[in-house]
Amino acid sequence: LTQPQFVQLLETFVGQDSSLPTVKRLIAFIKEEYKQTEEEKMEQLEKGHHMSRAAQQKLLLEALFEKWDSDGHGFLDLEEVDAVLSRFMGGMKKEALMKAKTHLCSQYPQLSRVEKVSPKAFQTFLELIASEFSGNEDEAMDNLVKFLTTSVEQSHRESLQSLTRRKWLQDIQQAAETCGAGTESVYKAVFKAISQDAEAHGGNKKVSAYIALLEENQLSAEQGRVLLRYVACTADDAPYVLNQALHRDMKGISFAAVDEGKPIHVPRVELHGNVHFWNCDRPVEERKGSFLVLPLFDARWRVFGILGLDTLWDQCEKTIFLTHEIIFYQGVSHAFSKAYHRICTRENVLQMAISALGWLYPRTPSIHTVTVYLVEPGKDKALCKMITTDNTGQKEIHSSPALLLREENLLRDYLFRCTDILEVALTPVRGEQHIAVPLHDLSRQALGMFDISIGHHKKLPPQEQKDLQKMLKIVQATCLEILWRSLEETEPIYVLEAERVANVRHPGFLFHRFMLQDLRECV
């Protein structure tokens, strides 16, 4: 039990109306009666040491990955990692390295295709190598980390440039952190990072940037199954680029970047001959500059769009993108992808919650209102009110959600206690009985919660209570599946054929699939 859970357990045991002397007697009793055996004490110490060691190792490996990934790509080149590791201990551990690499590729099948090592795969790789060595595994890991740390050196100028760029990449991530944040705030952060870098490290180039996402071509299938829709761009390009659709049969190289999954750089567009110009008013003699297309990847290394950049507005001579700029822009594309999918995942969780409430309301007339909150990231655990429903089942989705802070909402302290202890809280508020039910993420941290009001009822009728419990159980399972699919690098397991066809584009589908599975298990 954590401390808040222990306190909640005792509060529930003594009840809300117990006197202070009763509480004191219970505390004295527990102090007197609770005894820890020597075996339990040693087991606890050993468990604490193991957890401390695991946490320390995780931090070390994260720092090592960050040092290697100095430009913030979010991944390392497998071939480069392999080449450095082959020199470990004078190349004497090649067999261990080959075995570990074989195991790694079996766990992450996409490595044979893209050869990009994520932070998670990097940690797994080192753990597999250390496990192949004879002797103490922790000691082997320490030696590996020391060797790899000294294998990467940066000059002072490179280090400062890396720190500055990392700050801009973090700003893109943070743009997606707020519960009410939409994709517009992420787009703005991307373009701001690009312009700041062009000014600081790119010779003050004037860089245009645009983001296009793949979508199904429903109107003109003869032009290709998918198209690229330009959803965001820098201000000067908006009249020409925004909302445009690029089809496969049109001039351009963007689909080549999509198909190959690799950046394509055209140093001089005037010499290329296959570059699509959205601004038809631009004279031919002014169609000069450098053009770069970067594929955008999701967690399973599938391309879902492109980030394009050019210097066509720049009148200077030196408009070609240099290698260090292209590397940084790859970091920008990775940061955007993570931020974009974070917002999409949050929206999927809310869509799933809406489907769940649609299933619940006809079955539970005694429920008056349900409010769905998400936990705002940060140490204070503020709550964002995202969805409100009334006793008719009518839903209101808050596009600008209200933010609840603990110190300003003393009457709603039960909501914050619910997220603290990840336990259901039953509390009367202004004459109405409330049931607060937490939702947790993959690491068992509070993600959100349902605040359910049952009015003046002390409890729900048995069948309604059963349906509510069933809905909440399925919601939690579906929520974890949505989060897992957003992060995992392995392919998801499809249960129904419709999932394979639709690729679960609608998260409400997942809720009903889990409900169907639960029904099958009960029959």
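**Exercise 1. Find which residues Met471 is in contact with, leaving aside its neighbours within four places in sequence.**

Step 1. Apply the cut-off: contact means heavy atoms within 4.5 Å.
Step 2. Read off the partners. They are Ala356, Leu357, Trp359, Leu360 and Phe511.

The model is predicted: local features need pLDDT of at least 70, side-chain atom pairs count only at pLDDT 80 or more, and totals for chains, interfaces and linings use all residues. Residues are numbered from 1 along each chain as its sequence is written, and side-chain values use heavy atoms, with hydrogens and water left out.

**Exercise 2. Place Met471 in the largest nonpolar core, and say which elements supply that core.**

Step 1. Define the core. It is a set of buried Ala, Val, Leu, Ile, Met, Phe, Trp, Tyr and Cys residues joined through side-chain atoms within 4.5 Å. Buried means under 20% relative accessible area (1.4 Å probe, protein chains only).
Step 2. Count. The largest core has 37 residues. Met471 is among those with the most contacts inside it, as are Ile367 and Phe450.
Step 3. Find the suppliers. Elements giving at least two residues each include α13 (323–360), α15 (462–487) and α17 (507–522). Helices here are DSSP runs of H or I, at least four residues, numbered from the N terminus.
Step 4. Rank. α13 gives the most, with nine residues.

**Exercise 3. Compare the span of helix α10 with the expected span.**

Step 1. α10 covers residues 183–201, 19 residues in total.
Step 2. Expected span is 1.5 Å times one less than the number of residues. For α10 that gives 27 Å.
Step 3. From first C-alpha to last, α10 reaches 27 Å, close to expectation.
Step 4. Look past the end. Gly203, just after α10, takes a positive phi of about 65 degrees.

How values were computed. Buried < 20%, exposed > 50% of the residue type's maximum accessible area, 1.4 Å probe, protein only.
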